[in-house]
Amino acid sequence: MELEDTLNVAVNLVRDFIKCDRILIYKFEGHWGGQIIAESVDKKFTSALGNYVEDSCFQDQVCNLYQGKDPVVANNIYEQGYTPCHIKLLEQYQVKANLIVPLEVSGELWGLLIGHQCETYREWQLEDVELLKEISYQVAIAIYQSEINQKLQKEIYERIVAEKLLQRQKRQYRNLMEILPVGIFRNDLRGNCIYVNERYCRITGLTPESANGISWQKIIHPEDWEKVFQAWENLVNYHQPCELECRFLHPNGDIVWGYVQCILDRDISGKIIGFVGSITEITDRKINERQLKENKARFEKIATTLPGILYLSRQQQDDSIEFDYINKEVTSIFELSVEEVMQDGSLIFQQFHPEDIEEHYQRVKYCLENDSLFFHEWRVITPSGKIKWLQGHCRAEKLADGQIYWVGLAIDITEKKETQAKLAKTESLFRQAEKIAKIGNWEYLYRENYLYWSEEVYRIFEIEPREFTPQYDTFLRTVHPEDRQGVDRAFKLHIEHREPYNITHRLLMADGRAKYVRQQCKTSYDSLGNPLKSVGTVQDITEQQIAENIINNIIQGTSTAVSGKEFFENLVTNIALSVNQPCVVITKLKGEMLESLAFCYQGKLQVDGTIPLQNTPCECAMKEGYYYCAEKVAQKFPTDAFLEAIKAESYVGIPLINQGEILGTICVLNDKPTPHETIEKIKRILEVFAPRAVAEFIRTKAEEELKEINSVLEAKIKQRTQQLKQSQAFIKTILDNIPLPILWKNTQSQYLGCNPAFRKFMGLSFSEEIIGKTDHDFNFKPEEVHQRITNDRFVIDSGESILAFEETITIQGEEKWIENYKVPLKNSENKIIGVLTICKDISEQKAIEFALRTSEARWQFALDGASHGVWDVNLVTNETYYSPKFMEMLGYELGEWGNSFDDWQNRIHPDDKEVSLSNGMIMATLPE
C-alpha cells in the first residue's frame, strides 16, 4: 500500500474511534513551514487537506511546543497560552480544542498528528492521548518504510540508467570504430591481434576472423618486412611509438600502401596490456608521387624548349629564396651555372639593378596581397657588366608552413627594350595612371555562407573586425537606405543572369555620413550553374564623388547665363551649401579697404559692406597666397569688427589674383572650429572657383572699359587657341608614338579615327581609310563583329569601362587574340559621344600557351596511335613501362605483367635475350 493510502486510512480510523471533528497529519518542510498531507474531517467543517502553512508565528513556536516529543493537549485554545497569531491561525480552521502528537522518523521531527474539536470545547481523555501516541508510532514506522522504499527505488533507477548509458557508449564506440576512415587494431602483449575494425580489413585484405592472431605478419610486403619488424621491436622493447609506411599484400595480389601508427595500450592502473594502433591508406598518395616523378621528367623536356628561364622556387619566411628547379637558360642570361644558383639562390637577386629593386619588391608584394599573376620587367647587371632587361611571368602559392612557392618564367627582352627606349617616359606615365588607390577585396562562398573582407574593406566601411561578422545581410544594412534595394537587385541579377556587376552606391556611416563606393565582382559556378564563389573589389570614391557633386552644384548655380552681381551672389550661396559652412564672402580690394561683392550668412544674402584691410585674416591670405585659422580666429585678429559681428571661430581664404594683381579675396568662415580635413576640402573648392571669380572680375571690368579690354581679350583668345593647338598636337604625338593600337568610334560604332599602331595592325595604308567605316566593312567573322558592337554598345549605354577582356579577331584571314580596354568618350558637357578602345596583341602569348597544352597531348597520342609497341626501363628504379600497343602485340592485357625489368627478361626467348638486351629497345610491327 502507498504511503498516501496508509495515512488516509489511519486518520479515518482515529477520528471514528475518538469521535472528534478533524484528524490530520501535518508534514514539516523548510524552516518549519509545512503541508497538511492527510485529513479526516466532519462535513460541517472546512477541509484543510493540501493547505500549506507558512505562518511565522506558528513556525517560531514549533521548537518550543513539539521538540520535547510529548503530546500537546489543549481543551480550550484560548486558555492554552497560545500567542494571538497562533490562535488566529487555528480560528481559520474553526478549532476550539486540539490534541497534538509529534511524529518522529529516524530521530528527527518529521511532522504532527493532530486532532481538532471544532463544534465545542473538549476535555481530552487520557485514552485519547494514548491512542494518538500509539497511532503516531505506527504512522512513523509506515513513513520510515516508505522513505526507505523510495530511496531503494531511486538507487535501482539510477543503476538502470547508468547501465543503459554504458551500453549506449559501447554502441557509440563500436559505431565510431566502424565509420572511422582509418583502420584500427589492438594486439595483446604477445603480438596477437585481438580486435580490428572494418576499415582495417579493407586495407589489409583480411577478414575479421582471419585477422586474429599473428596473421597480420603474413600480409606485410616482403620488401617492407625488415623495417616493420624493427619498428615492432622498438615498440615492444623500448616503448618507442611506431610510425612508418609499408605495403600490404592482399590474397588476390593487390598491393595497398598504408601509414601505420602504434602505441602502448595501458589499463586504468597504467599497466601495459598490449598495443593499439591505426592504419591510414596512402595508396593514392604513393601513386601520385610516382606520377609526379614522371611529370617532372616530362616537365624537364618542356623546359629545355622554352625561350627563357623556367624556375620553381621557395620563398622562406625570412624572404630568402631556394630554387627547386631552374633550367640551363640561366647561364646565358645571368652568366651563372645551374649548380651555382641551386646552391645559393641569392646570386640571382644580387644582379638586380639597384634602381629596380624596390619596384620589383612592390610588384611581388602586390601579387601576394591580391593573389594575382606576377608580371614585371626589370634590369639586371651581369658579372661581365652587361645590363639586360628581363620580363617575368609567375604565380605564387602560399603554403601552410608559411613558405611561398613561385612558378615562373623570365625572358630576356633586352633587344625589345632598346627599341622602346624613346617611349620609356610615356610608358612610365601610363603605368602610374593604371594604379588604383583605396581598393579592398572581398570573397563570398555560397555553400558555406561565408563572406571574407580584407582589412581595407573594414577601413572603408569604418567597422572594427572584432565587432562585426561580415555576411550578405549585414553588408546590406551598411548600404544607404536609398541605395539598398538597387544594390541588392544588381547583385541578384548578376548571380541569376550572370550580368556584369559594376555598381556605384553610398554607405551610411554610424555618424550619419554617406560614403560613395564602387563595387565590381566576378562569380564562378559549378557544372549545374549554381554559384560557388564571388570575388570582388570595393573602392572608396567618396572624395572624388563629393568633389564632383560640389563642383557640379556650384557650376550649375554659376552657369554662364548669369554674370556680374548675380554671379557672385550665386557663387557664395552655392559654395556655402556645398561645403556646409554658415558664411562665405567675396571681397574686392579698393586701396586699403575691402568691399564685399557678395556676402552669404546663415543661408541668406546680406547687405554688402566695407572694412579696413589691415590686421585681418584676408590681409594674411593676400600676403601668403593662402591662409587658414582652424579656431579662435577672432582672438588672433581682435581689431577685425567683422569677425566679432558674426562670432567667427575659424577662417579659410585665398586671394583672387589676375596676373600678379590682387583683386580681392574669397573666404569661408564658421562660428565653430573647423577640422583640418574639412579645411583642405574648402581650400580645393575655393581654388577651383577662384579662377572663375577672377574671370568674372575681369569680365565686369571689361564692361566698364570695353574698348581697352577688347584688344586684351583678343590677345588672350589667340593665346588660348595656340595652347589648344599645342595640346592637340601633344595628344596626337602621344597617339602616334604609343605602341598599342588605339581607335575611337561614335555612338553608332562608326570609326572616327585611329593611331598609326592600329592602322599597321589592320594592314591599312592610311589612317584616314578607316573613318566612317564600321566593323561590318572589314573581313571580320560575323560573331566577331557582333561581339565588338555589343561591347561598344554596353560602354556607350552604361557609361562604364570594360577593362582587360580578351577576344579573337580575324585580320587578312589570320585569327589574332587581342586584349581590349574600352572607355566612354565624353564631350565638355559630360555627354557620351563614342567609345575609345586600346588593344594589345596577345596572339603570341596565346600560341605559346596552346603549344604547351598540345605538346603533352601529342606525345600521348603518338604512343596510343603508333603501330609500334614501346617499352622503357628505368635502370635506377628497375621499373619498366609498356605501351598498350606493345602488350597487344604479345597477346597480353595491360597490367598483366609485372613492372620490373626481371619480369621483362623472363619473357625473352633464351636465344634472343643477349641481342635484345644489347639493342636496348624492341619494336614489333604487326602486318597490315
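Is Cys 521 buried or exposed? Cys 521 counts as buried, at 10% relative accessibility. Keep in mind that this is a predicted model. Here's a quick tour of its aromatic pairs, its nonpolar cores, its cysteines, an open sheet and a few loop residues, including Lys 328 and Asn 449.

**Aromatic rings**

- There are 29 aromatic pairs in the structure. One of them joins Trp 453 and Phe 468, which are stacked with 5.3 Å between centres and 25° between planes.
- That stacked pair links distant parts of the chain: Trp 453 belongs to strand β18 (residues 450-453), while Phe 468 is in the loop between α14 (455-461) and α15 (472-478), 15 residues apart.
- Both partners are tucked away: Trp 453 is buried at a relative accessible area of 6%, and Phe 468 is buried at 15%.
- Next up are Phe 461 and Phe 475, whose ring centres are 6.2 Å apart and whose planes meet at 55°, so this pair is tilted.
- Phe 461 is in helix α14 and Phe 475 in helix α15, so the pair ties together parts that lie 14 residues apart in sequence. Phe 461 and Phe 475 are both buried.
- Zoom out, and these four rings turn up in one aromatic cluster made of Trp 453, Tyr 458, Phe 461, Phe 468, Tyr 472, Phe 475, Phe 491 and Tyr 501.

**Charges over rings**

- Lys 96 puts its charged end over the ring of Tyr 121, 5.7 Å from the ring's centre.
- Over at Trp 257, Lys 286 lies over the face of the ring, 4.6 Å from the ring centre.

**Nonpolar cores**

- The largest nonpolar core is made of 30 residues. If you want its best-connected members, look at Phe 568, Leu 571, Ile 575, Ile 586, Leu 656, Ile 666 and Leu 686, which have the most contacts inside it.
- Helices and strands both feed this core: α18 (564-579), β22 (583-590), β23 (593-601), β27 (650-658), β28 (661-670) and α22 (676-704) each supply at least two residues.
- Helix α22 gives the largest share of this core, with 10 residues.
- Apart from that core lies another one, of 26 residues, with Cys 262, Ile 272, Phe 275 and Ile 279 among them.

**Cysteines**

- Looking for disulfides? A search of the whole structure turns up 0.
- Why is Cys 394 not bonded to Cys 367? The closest cysteine sulfur to that of Cys 394 is the one in Cys 367, and at 5.8 Å it is too far for a bond, because a disulfide needs the two sulfur atoms within 2.5 Å.
- Cys 394 counts as buried, at 4% relative accessibility.

**An open sheet**

- Five strands make up an open sheet: 5 strands in the order β8-β7-β11-β10-β9, with antiparallel pairing.
- Its edge strands are β8 (193-196) and β9 (242-249), each of which pairs on one side only.
- From one strand to the next, the twist averages 30°.
- Strand β7 (residues 183-188) and β8 run antiparallel and are joined by 3 bridges. Within this stretch, Phe 185 stands opposite Val 196 in β8.

**Helix α19**

- Helix α19 (residues 617-624) is mostly covered, with 6 of its 8 residues buried.
- The buried ones are Pro 617, Cys 618, Glu 619, Cys 620, Ala 621 and Met 622.
- Just after α19 comes Gly 625, with a positive phi of about 85°.

**Loop residues**

- Lys 328 is in the loop between β13 (321-326) and α8 (329-334), and it counts as exposed at 70% relative accessibility.
- Lys 328 and Ile 309 are 19 residues apart in sequence, with 7.5 Å from C-alpha to C-alpha.
- Most residues other than glycine have a negative phi. Asn 449 has a positive one, about 50°, although it is not a glycine.
- Asn 449 is in the loop between β17 (439-445) and β18, and counts as partly exposed at 41% relative accessibility.
- Asn 830 also has a positive phi without being a glycine, this time about 65°. You'll find Asn 830 in the loop between β32 (814-826) and β33 (832-841).

Methods: Residues numbered from 1 in each chain as written. Predicted model: local features only at pLDDT ≥ 70, side-chain atom pairs only at ≥ 80, totals over all residues. Heavy atoms only, no water. Phe/Tyr/Trp six-rings, centres within 6.5 Å; stacked < 30°, edge-to-face > 60°. Helix = DSSP H or I, 4+ residues; strand = E, 2+ residues; numbered from the N terminus. Buried < 20%, exposed > 50% of the residue type's maximum accessible area, 1.4 Å probe, protein only. Lys NZ or Arg CZ within 6 Å of the ring centre and 35° of its normal. Core = buried A, V, L, I, M, F, W, Y, C linked by side-chain atoms within 4.5 Å. Pairing = 2+ DSSP bridges. Axes fitted to C-alpha atoms, helices over the stretch in contact; angles between N-to-C directions.
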